[in-house]
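Biologist: Could we go through this model together? I should like to start with a charged side chain and then turn to the strands and the rings.

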Amino acid sequence: MKPSSIIYYFALLLSVDALPAPLIKRSTVQGFDISNYQPTVDFSSAYASGARFVIIKATEGTTYVDPTFSSHYTGATNAGLIRGGYHFAHPDESSGSTQATFFLAHGGGWSGDGITLPGMLDIEYNPSGATCYGLSQSAMVSWVQDFVSTYHSKTTRYPMIYSTNDWWSQCTGESSAFHTTCPLVLASYNSAIGTIPGDWPYQTIWQYADSYAYGGDADRFNGDLTQLTKFATG
């Protein structure tokens, strides 16, 4: 090998070593969430398109039961989707324990059958008043803890917590009280998930768009189908 060839050879090795390692795309599972705003959902077509889970509104506050929950839950089950319920919180109306109990009595339960997600606490912007429902940051954290503790004591599972980075920062003071127990469902309508609040190391589910072809919002589970099934099983 001529000297010039040797120089070229080592230069090539150095250039190869300098290349970044190839990025490995993490597996995700498509899902969606729905409520009475989507009274008719084609669950079979959603499944055929690749969706494998759905989160269904069950309750709100301590008086409202979603009238479509039962039919949605049955339709999702019949289509083969992993499914679960969610509760829209009103921390200004009653205690966390009271609302968790109401949720559990109207569809928010969990069983380790591999097709039932733990219930989800939807805690976010007040749709009809002060953003943080008139609660201080410490009072809000206490309210969430009351809900979480009650749900866990009655089901042995910690509920998922749904929120946004902005609301969690503003209304809980960036609390890290739940990052080791409650799976995070983060709403972030961007091309990348962005900042994850509350010292959660990652999101379990990313709600990445406020529309989905088969109704509701579009979600992605952070893992593959085997991991999703394991998550549902507990």
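Modeller: Glu124 is buried (under 20% relative accessible area, 1.4 Å probe, protein chains only) yet has no salt bridge, meaning no side-chain nitrogen of Lys or Arg within 4 Å of a carboxyl oxygen. The nearest side chain of opposite charge, Lys57, is 8.6 Å away. This is a predicted model: local features need pLDDT of at least 70, side-chain atom pairs count only at 80 or more, and totals for chains, interfaces and linings use all residues. Residues are numbered from 1 along each chain as its sequence is written, and side-chain values use heavy atoms, leaving out hydrogens and water.

Biologist: What does Glu124 touch?

Modeller: Not counting residues up to four places away in sequence, Glu124 touches Phe88, Thr131, Tyr133, Tyr162 and Trp167, with contact meaning heavy atoms within 4.5 Å.

Biologist: Changing topic, why is strand S8 largely enclosed?

Modeller: Five of the five residues of S8 (residues 205-209) are buried, so the rest of the structure largely encloses this strand.

Biologist: And in which sense does S8 pair with S9?

Modeller: S8 and S9 (residues 217-221) pair in the antiparallel sense over four bridges; pairing requires at least two DSSP bridges. Trp206 has Arg220 in S9 as its bridge partner.

Biologist: Where does the charged end of Arg220 sit?

Modeller: The charged end of Arg220 sits over the ring of Tyr208, 3.8 Å from its centre. The criterion is NZ of Lys or CZ of Arg within 6 Å of the ring centre and within 35 degrees of the ring normal.

Definitions and conventions: Buried < 20%, exposed > 50% of the residue type's maximum accessible area, 1.4 Å probe, protein only. Lys, Arg positive; Asp, Glu negative; His and termini not counted. Helix = DSSP H or I, 4+ residues; strand = E, 2+ residues; numbered from the N terminus.
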